[in-house]
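Me: I'm new to this one. Could you take a close look at a single part for me, the sheet of four strands, and say how it is put together?

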Amino acid sequence: MEMVPADERTIQPGSQVVMHYSIILEDGTIADTSEDEPIEFVMGDGTLIEGLELALYGLKEGDTQSLQIDPHNAFGFPDEENVHHMPREDFDVKMDLDSGLIIEFTTPSGDAVPGAIIEVKDKDIVVDFNHPLAGHTITFNVEILDVQAGSAPVGSA
């Protein structure tokens, strides 16, 4: 069995991490989970938002953690500038537009972004492009399955 220095098995910038996670809303609703298949990523690669990554530093294989994370450090707060009124004719006439429906839109630069229909009017549709978890305090549960030292921290030269 190979002896690995303890610090190489502790999550730090550039660590390769395999873990299970759940994101739970204030009312107990599970917003996202890796229950079926663990996720694998490198710390700092953008897989997790910064606030969730910060909760992992210092954890080791076998550790579990449950943290409440406020909106500022999780998915931010809703921004009124991300709510848009779009002409009804921009949508397929066959599309059944109901409040709560999430549709994928394409930005002028070609990126795909989800938008939630929040109101259907005669001549326009109100679409919210804020992250669906914006404004929520979340509980972030993790179980660390494996930690490997990275070759170099992400972003270093």
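Reply:

**A look at the open sheet**

Reading along the sequence, you meet the pattern β-β-β-α-β-β-β-β-β-β, where helices (H or I, at least four residues) and strands (E, at least two) are DSSP runs numbered from the N terminus. That comes to one helix and nine strands. Before going on, keep in mind that this is a predicted model: local features need pLDDT of at least 70, side-chain atom pairs count only at pLDDT 80 or more, and totals for chains, interfaces and linings use all residues. Residues are numbered from 1 along each chain as its sequence is written, and side-chain values use heavy atoms, with hydrogens and water left out.

Now for your sheet. It is open, has four strands in the order S5-S8-S7-S6, and its pairing is antiparallel; two strands count as paired if DSSP finds at least two bridges between them. At the edges sit S5 (83–87) and S6 (102–106), each pairing on one side only. From one strand to the next, the twist averages 45°, taken between lines fitted to C-alpha atoms, with angles running from 0 to 180 degrees between N-to-C directions.

Let's zoom in on one edge. S5 pairs with S8 (residues 124–128) in the antiparallel sense, over five bridges. One residue to find there is Val83, whose bridge partner in S8 is Asp128. As for what holds such neighbours together, strands of a sheet pair through backbone hydrogen bonds, either parallel or antiparallel.

Elsewhere, strand S9 (residues 138–148) runs antiparallel to S1 (residues 16–24), joined by nine bridges, with Gln16 opposite Gln148. Six bridges also join S9 to S4 (residues 64–69), again antiparallel.
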